[in-house]
Amino acid sequence: MQRYTTATVLEEPITPPVQVNYTKLLINGQFVDSASGKTFPTLDPRTGEVIAHVSEGDAEDVNRAVSAARKAFDEGPWPKMSAYERSRIILRFADLVEKHMQELAQLETWDNGKPYEQALTAELPLFVRLFHYYAGWADKIHGLTVPADGPHHVQVLHEPIGVAGQIIPWNFPLLMYAWKVGPALACGNTIVLKSAEQTPLTALYVSKLFHEAGLPDGVLNVVSGYGPTAGAALASHMDIDKLAFTGSTDTGKVVLELAAKSNLKPVTLELGGKSPFIVFEDADIDRAVEQAHFALFFNQGQCCCAGSRTFVHESVYDEFVEKAKARAARRTVGDPFKKGIEQGPQIDSDQFEKVLRYIKSGIDGNARLECGGDRVGSKGFFIQPTVFSNVEDNMLIAQDEIFGPVQSILKFKDVDEVVKRANATRYGLAAGVFTKNIDTANRVSRGLRAGTVWVNCFDVFDAAIPFGGYKMSGIGREKGIYSLNNYLQVKAVVSPLTNPAWL
């Protein structure tokens, strides 16, 4: 089997001009060392070399952060501040981020490995837009006056839930920060956020900017550390009122269990996926090939909603496979700081080895390796864009979330069959449908058990569009108006009316 090489061996990596200034924990408005004094290295995935050593938070640091957030909620100005003033602080923060977009994009790329152009031109503008969106909501959160069957005045109040614990992943560190922090602050809550241990740098940087914008001390606390220590302490803390987690389904189960065993805090989960991308016989094949390529390979394949099961109608299957193979072979892999690079390295050695094991399982399972299948170069965590055809539903590469640049192409015959097969998964995060027939698009979109269905497009994200999953892809929704529900309590206040003029 011919394996296609898509890039040259990585040359001497470009050194970004950004300085790493914030490596300590942010608690009660101050950067502080961890209680243990321990640090951990954050690595450059291009080389595996250390970028910086970051303070390693654990249970004691989580306790300190929760105490600060509790005081800021119970006694501090944030929930008692006018919603308009909260909105102004969030807007000032967004303006500061705009001024520092280049440094933030450089830091994000350095720590994560994603293409710099992607971070700068797509992710940072969306980050700013998300905070503009939530700033707009801050003074528009209100309850209801409800008519009752008798002489009573009934108010329904929407109140901030309290101290929110938030755990974000490494694949989109800044965007996941915005998805969590934005609605929580707009609703008047305080926060303890744990960043991913692989990518701790940008959360600290932007949180410093938030304080420059006027955020009071204790409102937003950031603890860097590992899941089994800092993450578990946050999930099981008795004084956290609400928990939000984005990450793998297996870890999500642990988080939910810890929350239940502690104080039964409500939990929202945005978890894994194995999203179908369905190409019908009447689709624009060239556009479908490009969109399917984007749906899978974007962000090195490290997307929870990646279109990782490409279903193609049998009548156009061979043409699609050849064009998908050619597109993957043209994909540019290399230093993500280099202009024109489409794909950087995987996040770390664990993910790198995991992806290669799945590629081997595909080969061993008799899927046809069309291109790729190996590492790029000998340094860092780069993997060739890989395409498999003749994939069967029972293969691991068609069932498990690989989280890497591996496209699996499957053949189908008709609508009923493909909807049934697309739904035959424990996941239900997203899906793509490519067809020129509006009846097919509507029928399939309603038949798919997924939180987002993109028709003739993929990975269209907007601040107002809700995102979340069915089944084991999660609980609750992020973004849009639905995200506010995660951070509000509903209280009914009932009082008697004496001789009211009306009911």
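**Strand S8 and Glu270, question by question**

Guide: Let's start with one pair: Ile167 has Lys194 in S8 as its bridge partner. Keep in mind that this is a predicted model.

Visitor: How do you know that strand S7 and S8 pair?

Guide: Pairing takes at least two bridges. S7 (residues 163-167) and S8 share five, running in the parallel sense, so they count as paired. To get from S7 to S8 the chain goes through helix H5 (residues 173-186), and that β-α-β crossover is right-handed.

Visitor: And what makes S8 and strand S9 a pair?

Guide: The cut-off is again at least two bridges, and S8 and S9 (residues 220-224) have five, also parallel, so they pass. One spot to look at is Val192, which stands opposite Asn221 in S9. Here the chain crosses from S8 to S9 through helix H6 (residues 201-212), in another right-handed β-α-β crossover.

Visitor: Why is S8 called largely enclosed?

Guide: Because six of its six residues, 190-195, are buried. Check both faces: Thr190, Val192 and Lys194 are buried on one side, and Ile191, Leu193 and Ser195 on the other.

Visitor: What makes Glu270 count as buried?

Guide: Buried means under 20% relative accessible area. Glu270 comes in at 2%, so it's buried. The residue lies in strand S11 (residues 267-270), and an unreviewed UniProt entry annotates it as "active site".

Visitor: Which residues is Glu270 in contact with, leaving aside neighbours within four places in sequence?

Guide: Contact takes heavy atoms within 4.5 Å. The residues that meet it include Met176, Trp179, Phe245, Cys304, Phe467 and Glu478.

Key
Residues numbered from 1 in each chain as written. Predicted model: local features only at pLDDT ≥ 70, side-chain atom pairs only at ≥ 80, totals over all residues. Heavy atoms only, no water. Buried < 20%, exposed > 50% of the residue type's maximum accessible area, 1.4 Å probe, protein only. Helix = DSSP H or I, 4+ residues; strand = E, 2+ residues; numbered from the N terminus. Right-handed = clockwise from strand over helix to strand, strands pointing away. UniProt positions renumbered as here; feature names shortened; annotations may be inferred.
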